[in-house]
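Welcome, and please open the model in your viewer. We will go from stop to stop, selecting a few residues each time.

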Amino acid sequence: MARRPPPPDEGREQPSFSRRSFLKSAGVSAAATTVVGVAERAPAAPAVLGPDAVTLTLKVNGAPRTVTVEPRVTLLDALRNHLDLTGAKPVCERGGCGACTVLVDGAPIVSCLMLAADAEGHEITTVEGLGSPEKMSALQAAFVEKDALQCGFCTPGFVVAGTALLAQNPHPTRDEIKAGLAGNLCRCGTYGRIFEAVEAAARASAGKRS
């Protein structure tokens, strides 16, 4: 019986690649390139703090201050309980009353809603940094002159917020003063005299400039 001739490719050395292997390798290469590209574009992961206490350096009233606190500690608690700066008051602790107002890079913020860790690298100014009983700021002196307080618990927050307002708008109208201090509450209802104090401080500052 005659033997059937071998297929044309039988006995020949097969090529080292095929269409299927080429497509598979091309797909792997493309996927690898995509992963590398994504990795290069992805932002660096933020530093993880805690859960134990960490050491922070806060620039408060122009000086660096070191505190060791848990990452969950607010700026308000760090100022009061670790740096003995008690001008900012804990009242609602929900950002609704303004009693804990401090300046961060010149802007008023409620320190009960800011973590101390987030305040690193920023300029923090508390009411203690605005003046002292011996050398009061123009606004602090105006609060005394106009008797713009009763219990005084909200006064530091109003002074800090008013300072920020006058820095941004040296000649505010009464309506602008009301708007600028709208985030601060006075349970004694001394708003009229508070507004007068801000107006008096604006006049005093204008007199010094002239």
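## First stop: the hairpin

Select residues 54–60 and 63–69: these are strands S1 and S2, which pair in the antiparallel sense over seven bridges. Two strands count as paired if DSSP finds at least two bridges between them. Helices (H or I, at least four residues) and strands (E, at least two) are DSSP runs, numbered from the N terminus. Now pick out Thr-55, and across from this residue you will find Thr-68 in S2.

Before moving on, a note on what you are looking at: this is a predicted model, in which local features need pLDDT of at least 70, side-chain atom pairs count only at pLDDT 80 or more, and totals for chains, interfaces and linings use all residues. Residues are numbered from 1 along each chain as its sequence is written, and side-chain values use heavy atoms, with hydrogens and water left out.

Go next to the turn: S1 and S2 form a hairpin with two residues between them. Select Asn-61, in the loop between S1 and S2. What is notable about the phi of Asn-61? The angle is near 55 degrees, a positive value in a residue other than glycine. Most residues other than glycine have a negative phi. Asn-61 is partly exposed, with a relative accessible area of 29%; buried means under 20% relative accessible area, exposed over 50%, and partly exposed in between (1.4 Å probe, protein chains only).

## Zoom out: the whole chain

Show the full cartoon. You should find six helices and five strands in the protein chain. Starting at the N terminus, follow the order α-β-β-α-β-β-β-α-α-α-α. Colour by accessibility, and buried residues make up 32% of the 210 residues.

## Second stop: helix H2 and what follows

Select helix H2, residues 75–82. Which residues of H2 are buried? They are Leu-75, Leu-76, Ala-78 and Leu-79. Bring up S1, S3, S4 and S5 as well, since they are included in what covers these buried residues. H2 is followed by Asp-84, whose phi is positive, near 60 degrees.

Carry on to Glu-93, in the loop between H2 and strand S3 (101–104). Glu-93 also has a positive phi, near 55 degrees, and counts as partly exposed at 47% relative accessibility.

## Third stop: two buried loop residues

Select Ser-111, in the loop between strand S4 (107–110) and strand S5 (123–125). Is Ser-111 buried or exposed? Ser-111 is buried, because its relative accessible area is 0%. Leaving aside neighbours within four places in sequence, Ser-111 is in contact (heavy atoms within 4.5 Å) with Thr-74, Leu-75, Leu-76, Ala-88, Cys-100 and Val-102. Two of these names, Leu-75 and Leu-76, you have met among the buried residues of H2.

Now move to Thr-126, in the loop between S5 and H3. Thr-126 counts as buried, at 2% relative accessibility. Apart from neighbours within four places in sequence, the contacts of Thr-126 are Val-60, Asn-61, Leu-79, Leu-85, Val-102 and Val-160; Asn-61 is the turn residue from the hairpin. Show side chains here too: a polar contact of 2.6 Å joins those of Thr-126 and Glu-128. A polar contact is a pair of N or O atoms within 3.5 Å; within protein, one must be able to donate a hydrogen and the other to accept it, and residues adjacent in sequence count only if both atoms are side-chain atoms.

## Fourth stop: the largest pocket

Turn on a surface and select Val-127, Met-136, Gln-140, Thr-155 and Val-159, which are the closest to the centre of the largest pocket among the 15 residues that line it. On a 1 Å grid over the protein atoms alone, a pocket is an open set of points where a 1.4 Å probe fits, with protein on both sides within 12 Å along at least five of seven lines; lining residues have an atom within 4 Å of a point. Helix H3 (138–145) and helix H4 (155–168) each supply at least two lining residues.

## Last stop: Glu-176

Finish at Glu-176 in helix H5, residues 174–180. Glu-176 is partly exposed, with a relative accessible area of 36%. Setting aside neighbours within four places in sequence, Glu-176 is in contact with Leu-165, Asn-169 and His-171. Try the distance tool on the C-alpha atoms of Glu-176 and Leu-165: these residues are eleven apart along the chain, and the separation is 8.9 Å. Then look at Thr-173, whose backbone nitrogen lies 2.8 Å from a polar atom of the side chain of Glu-176.
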